[in-house]
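Hi,

Here's the structure I said I'd send over. Have a look at it first, and then read my notes underneath.

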Protein chains: 2
Amino acid sequence: MVQKEKKSPEIKSEAPKRRGRPRSYEPDVALGKALDLFRKDGFAATSLDELSAATGMNRPSLYAAFGDKRELYIKSYERYRADARASMIELFRGEVPIRERLKRIYAAALDIYLADASEPRGCFTVMTAASEAVADPEIRAMVLDGFGELDKAFASCFRRAREKGELPASADPLALAQLASATIHTIAIRSRARVPRKELEAIVSGAIGVLCGPVAN
Amino acid sequence: MVQKEKKSPEIKSEAPKRRGRPRSYEPDVALGKALDLFRKDGFAATSLDELSAATGMNRPSLYAAFGDKRELYIKSYERYRADARASMIELFRGEVPIRERLKRIYAAALDIYLADASEPRGCFTVMTAASEAVADPEIRAMVLDGFGELDKAFASCFRRAREKGELPASADPLALAQLASATIHTIAIRSRARVPRKELEAIVSGAIGVLCGPVAN
DNA sequence: TGTTTTTTGTACTATTTCGCATAATATAGG
DNA sequence: CCTATATTATGCGAAATAGTACAAAAAACA
């Protein structure tokens, strides 16, 4: 052996003068790789060997950084939720007319679900976390929180739209919100079965039509 | 060992004078047990040992009867679809007013998803088959067929309701159908996260309100 | 009674899996 | 240069896993 000479790539981050041997990985990108694997195969079908290979971290480093497999899964899920929220939050907040706003929200969702064109990932919550939720209280709490957050965000949209007169006074914001969430769920599931984006967009556009009434408001 | 003396329980079915040693299991009930396990844990997390224990068949018998794990999974899924279709088909066909009809359809769906109160199973298609669908063309075809069948069945309901004047002439049966399917999907997912039946029924009832318009038709 | 046929029961193998123990390596501090 | 600290690298080990070989068992048939 001619010496491995890994050179310890001198991770960029603003050096705070850490004591021991420097890390040869960036926790954030490693977690991103783990997340992608879990999204692809789910919890049980993802092995530590694959996680190790994908992150470039060997097993002990994985444990030191993230804990055991379940903890890594949970941290991946937290990361997924944070990312998803970040890409959606402004769309929910802004002052765009309701139809256009919904259109953008669903487009952002599809961007997440179809990110890898060759192997669509779908939604973490819907594809794997919900399955684990039955038996794992911690995961279940996160899943339920996700449902609640989405329902609330949609409800607030519809409430404001009604106040602005974009929707009839008789509109029920909560019922509309749950259907809007259901539309998120249905495109998440269908995307995983490789339903093409065009079809998913047609579903979205049909849903918006029903939820907001005929275009001529 | 005092001799196992299993007694070969003389399975009931109308004896067609089969040649060799009689089976000590009934294929249909064994497949039902396998289905239940796959619904509970998904494909990867269900081991052959567990399948063997649950069906009462030893490993070689499982292979002889159903093939390898993947084939057993697919046969379980076929069985699930057949059962689900059987419990739904008359509800879709009958001549009940649209709101009541939808209410019964969703109630039947919830009966399936929540069958085991202590560990709700959710929907096979949504919880595990869709995940496998990305990588397995055969499973994908079944999943897509399931989506299509459900969409069509709902669309036919809405079309007939429109013809009967239960819905305005402007109603779009396909868009309504996809939202009705989306509602199926959302309660399937939420049920798996132990959302109580009351809440799921509220979602259903809100959805029916939006899809069919205010009760005073 | 003996042969044929079908299924069961046991055990085996090769591989994969998760988690961890231990030693080597690379940095900072004194 | 030596020590303390933090991380990497190697690889062990016990358990689980999927699939199969083979003999024993239980029936029909001749």
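Below is what I found, starting with the chain itself and moving on to its partners.

Keep in mind that this is a predicted model. Chain A comes out with nine helices and zero strands, so read along the sequence the pattern is simply α-α-α-α-α-α-α-α-α. Its C-alpha atoms fill a box of roughly 75 × 35 × 35 Å along the principal axes. Of the 217 residues in chain A, 38% are buried. Looking at contacts in chain A between residues at least 6 apart in sequence, 53% join residues at least 24 apart.

Now for the two protein chains together. On the chain A side, 39 residues are in contact with 39 residues of chain B. Helices H6 (124-133), H7 (137-163), H8 (173-192) and H9 (197-212) of chain A each put at least two residues into that side, and H8(A) gives the most, with 13 residues. By class, the side of chain A that touches chain B has 22 nonpolar, eleven polar and six charged residues.

Then there's the DNA. Around strand C there are 28 residues, and the ones that come nearest are A:Leu48, A:Arg59, B:Gly20, B:Arg21 and B:Ser61. Helices H2 (48-55) and H3 (59-66) of chain A, along with H3 (59-66) of chain B, each supply at least two residues of the surface near this strand. H3(B) gives the most there, with four residues. That surface has 13 charged residues, plus eight nonpolar and seven polar ones.

Cheers

Notes:
Residues are numbered from 1 along each chain as its sequence is written. Chains are lettered from A and ligands numbered from 1 in the order in which they are written. This is a predicted model: local features need pLDDT of at least 70, side-chain atom pairs count only at pLDDT 80 or more; totals for chains, interfaces and linings use all residues. A residue is near a molecule or strand if its C-beta atom, placed from the backbone, lies within 6 Å of it. Ala, Val, Leu, Ile, Met, Phe, Trp, Tyr, Cys and Pro count as nonpolar, Asp, Glu, Lys and Arg as charged, and the others, Gly among them, as polar. Two residues are in contact if their C-beta atoms, placed from the backbone, lie within 7 Å. A residue is buried if 20 or more other C-beta atoms lie within 10 Å of its own, exposed if 12 or fewer, and partly exposed in between; C-beta atoms are placed from the backbone.
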